[in-house]
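Let's take a walk through a protein fold together, one piece at a time. Have the sequence and the 3D view open, and look up each residue as we get to it.

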Amino acid sequence: MVTVIVRHKVKDYDAWKPLFEEHGEVRRRYGATGHEIHRLASDPNDLIIVNHFSDIAGAQGFMSDPSLPETMARGGVASEPEITVCNQQEVAQYAVEVG
């Protein structure tokens, strides 16, 4: 599993989100298996997007897809994206005790 972590600011999250969803088909075409969106508590327009891909070739293909810059511009991305590509090493889930 390869993870592509992107951090950037958007002008308006509510305007950006539908375009992100619309671009999901492109992510899936390159082997994306899912994503997470995180909004900074101090600025809800400062986003961290975690995209999961089956392999590095798919992640690289997605990152170089010509539709990506245009979609980001239409979505109101307001800062240069910071991109980190990692190989997933471990995932752990903790049970939450109620009471």
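Follow the protein chain along its sequence and you'll meet the pattern β-α-α-β-β-α-α-β. That comes to four helices and four strands, where helices (H or I, at least four residues) and strands (E, at least two) are DSSP runs, numbered from the N terminus. Keep in mind that this is a predicted model, in which local features need pLDDT of at least 70 and side-chain atom pairs count only at pLDDT 80 or more, while totals for chains, interfaces and linings use all residues. Residues are numbered from 1 along each chain as its sequence is written, and side-chain values use heavy atoms, with hydrogens and water left out.

Now for the overall picture. The C-alpha atoms of the protein chain fill a box of roughly 45 × 35 × 20 Å, taken along the principal axes. Of the 99 residues in the protein chain, 32% are buried; buried means under 20% relative accessible area, exposed means over 50%, and partly exposed is in between (1.4 Å probe, protein chains only). Contacts (heavy atoms within 4.5 Å) say something about the fold too: among those in the protein chain between residues at least 6 apart in sequence, 71% join residues at least 24 apart.

Let's zoom in on helix H1, residues 13–22. At its start, a side-chain oxygen of aspartate 12 reaches to within 3.1 Å of the backbone nitrogen of aspartate 14. Which residues of H1 are buried? They are Tyr13, Trp16, Leu19 and Phe20. These residues sit on the same side of H1, because they cover an arc of only 130° around the axis (the arc is that of the directions from the helix axis to the C-beta atoms). And what covers them? The cover includes strand S1 (2–9), H2, strand S2 (32–40), strand S3 (43–53) and helix H4 (67–74).

Next, the inside. In soluble globular proteins, nonpolar side chains tend to be buried together. Here, the largest nonpolar core has nine residues: Val2, Val4, Val6, Val26, Ala32, Phe53, Ala59, Phe62 and Leu68. A nonpolar core is a set of buried Ala, Val, Leu, Ile, Met, Phe, Trp, Tyr and Cys residues joined through side-chain atoms within 4.5 Å. S1 and helix H3 (56–63) each supply at least two residues of this core, and the largest share, three residues, comes from S1. There's also a second, separate core of seven residues, including Val10, Tyr13, Leu47 and Val77.

Two valines from the largest core are worth a click. Valine 6 is in strand S1 and counts as buried because its relative accessible area is 12%. Not counting residues up to four places away in sequence, valine 6 touches Leu47, Ile48, Ile49, Asn51, Pro81, Glu82 and Ile83. With the same kind of neighbours left aside (those within four places in sequence), valine 4 is in contact with several residues, among them Ile49, Phe53, Ala59, Met63 and Val85.

Time for some charges. A search of the whole structure finds six salt bridges, each being a side-chain nitrogen of Lys or Arg within 4 Å of a carboxyl oxygen of Asp or Glu. One joins the side chains of glutamate 21 and lysine 17 (2.4 Å, N to O). Both lie in helix H1, four residues apart, about one turn of the helix. Glutamate 21 is partly exposed, at 37% relative accessibility, and lysine 17 is partly exposed as well, at 24%.

Another salt bridge pairs glutamate 22 with arginine 74 (2.9 Å, N to O). Glutamate 22 lies in helix H1 and arginine 74 in helix H4, so this pair ties together parts that are 52 residues apart in sequence. Arginine 74 also meets glutamate 70 in a salt bridge (2.6 Å, N to O), and those two both lie in helix H4, four residues apart. Together, Glu22, Glu70 and Arg74 are linked in a network of salt bridges.

Finally, look at arginine 27 in helix H2 (residues 24–29). Which side chain of opposite charge is nearest to arginine 27? That's glutamate 21, 5.0 Å away, and arginine 27 is buried yet has no salt bridge. (For charge, Lys and Arg count as positive and Asp and Glu as negative; His and the chain ends are not counted.) Leaving aside its neighbours within four places in sequence, arginine 27 is in contact with Phe20, Glu21, Ala32, His35, Asn51, Phe53 and Phe62.

Definitions and conventions. Polar contact = N/O pair within 3.5 Å; in protein donor to acceptor, adjacent residues only side chain to side chain.
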